[in-house]
Amino acid sequence: MTIAEVSKQYGISADTLRYYERIGLIPPVRRNASGIRDYDEASCNWVNFIKCMRSAGIPIESLIEYVRLFALGRQTVAARKAILLEERKNLADRIAQMQEVLSRLDYKISRYDEILLQKEESLAQSISGQEQGESA
């Protein structure tokens with residue numbers, strides 16, 4: 001696949017794909033005889049993996065290290081797994097924090113109408129009391 005096709009398929013700009021390759025976020029992409037990037041299934045799998053990890057907020061530095069270790073071969077399996085476990089823990093922590101915020105918002109939203117009505121009634125009573133005081 002050409003870079004334009006990969007860009008369209010994964011919703012990542014061609015410039016971003018070139019950047020990812022340049023910084024080692026994805027392994028070097030094979031090029032055809034004309035020097036044009038030719039993404040094969042393995043290259044597309046890397047793009048998909050990186051897109052997924054980045055959408056989860058995994059830091060670029062961790063992913064670059066993962067790709068670097070992958071290129072070194074099987075002897076790095078434990079180190080790669082350690083990176084994934086650490087990032088999973090970080091992601092789980094972020095999800096828990098976000099869940100707390102979501103619960104707080106849900107609570108506030110569920111009480112919003114009730115509180116708003118109480119404030120409006122209080123305001124209406126205040127205005128009504130002022131009008132009665134003026135007419136006296």
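I started with Glu87, which lies in helix α5 (residues 77–135). Helices here are DSSP runs of H or I with at least four residues, strands are runs of E with at least two, and both are numbered from the N terminus. Glu87 has a relative accessibility of 8%, so Glu87 counts as buried. I noted the cut-offs: buried means under 20% relative accessible area, exposed means over 50%, and partly exposed is in between, with a 1.4 Å probe and protein chains only.

Before going on, I wrote down that this is a predicted model, in which local features need pLDDT of at least 70, side-chain atom pairs count only at pLDDT 80 or more, and totals for chains, interfaces and linings use all residues. Residues are numbered from 1 along each chain as its sequence is written, and side-chain values use heavy atoms, with hydrogens and water left out.

**Glu87, continued**

I looked up what Glu87 touches, leaving out residues up to four places away in sequence, and found Ile58, Pro59 and Ser62. A contact means heavy atoms within 4.5 Å. I also took a distance along the helix side of the entry: from Glu87 to Arg111 there are 24 residues in sequence and 36 Å in space, C-alpha to C-alpha.

**The whole chain**

I then stepped back to the chain. How many helices and strands are there in the chain? I found five helices and zero strands. Read along the sequence, the pattern is α-α-α-α-α. The radius of gyration is 27 Å, well over the 14 Å that the globule rule gives for 136 residues, so the chain is more spread out than a compact globule. For my own record, that radius is taken over C-alpha atoms, and the globule rule is 2.2 Å times the number of residues to the power 0.38. Along the principal axes, the C-alpha atoms fill a box of roughly 95 × 35 × 20 Å.

Of the 136 residues in the chain, 21% are buried. Among contacts with a separation of 6 or more, 44% come from residues 24 or more positions apart. The accessible surface is about 10000 Å², and carbon and sulfur atoms hold 56% of that surface. These areas come from the Shrake-Rupley method with a 1.4 Å probe, and for residues only the protein chains shown count as cover.

I counted charges next. The chain has 19 positive and 19 negative side chains, and the centres of the two sets lie 12 Å apart. Lys and Arg count as positive, Asp and Glu as negative, while His and the chain ends are not counted. Each charge is placed at NZ of Lys, CZ of Arg, CG of Asp or CD of Glu.

**Aromatic rings**

I found five aromatic pairs in the structure. Rings of Phe, Tyr and Trp (its six-membered ring) pair if their centres lie within 6.5 Å; planes under 30 degrees apart are stacked, over 60 edge-to-face, and the rest tilted. Trp46 and Phe49 have ring centres 5.9 Å apart and planes at 85°, so I entered them as edge-to-face. Both sit in helix α3 (residues 41–55), three residues apart, which separates them by about one helical turn. Is each one buried or partly exposed? Trp46 is buried at 14% relative accessibility, and Phe49 is partly exposed at 22%.

Trp46 also pairs with Phe70: the centres are 5.0 Å apart and the planes at 75°, so this pair is edge-to-face. Phe70 lies in helix α4 (residues 60–72) and Trp46 in helix α3, so the pair ties together parts that are 24 residues apart in sequence. Phe70 is partly exposed, with a relative accessible area of 40%. I closed this entry with the cluster, which is formed by Trp46, Phe49, Tyr66 and Phe70.

**Ile23 and Ile64**

I placed Ile23 in helix α2 (residues 14–23) and Ile64 in helix α4. Ile23 is partly exposed at 24% relative accessibility, and Ile64 is partly exposed at 25%. What does Ile23 touch, not counting residues up to four places away in sequence? I found Ile60 and Ile64. With that same exclusion, Ile64 touches Ile23, Gly24 and Leu25.

**Ser7**

My last entry is Ser7, in helix α1 (residues 3–10). Ser7 is buried, with a relative accessible area of 17%. Leaving out residues up to four places away in sequence, Ser7 touches Ile12, Ser13, Ala14 and Leu17.
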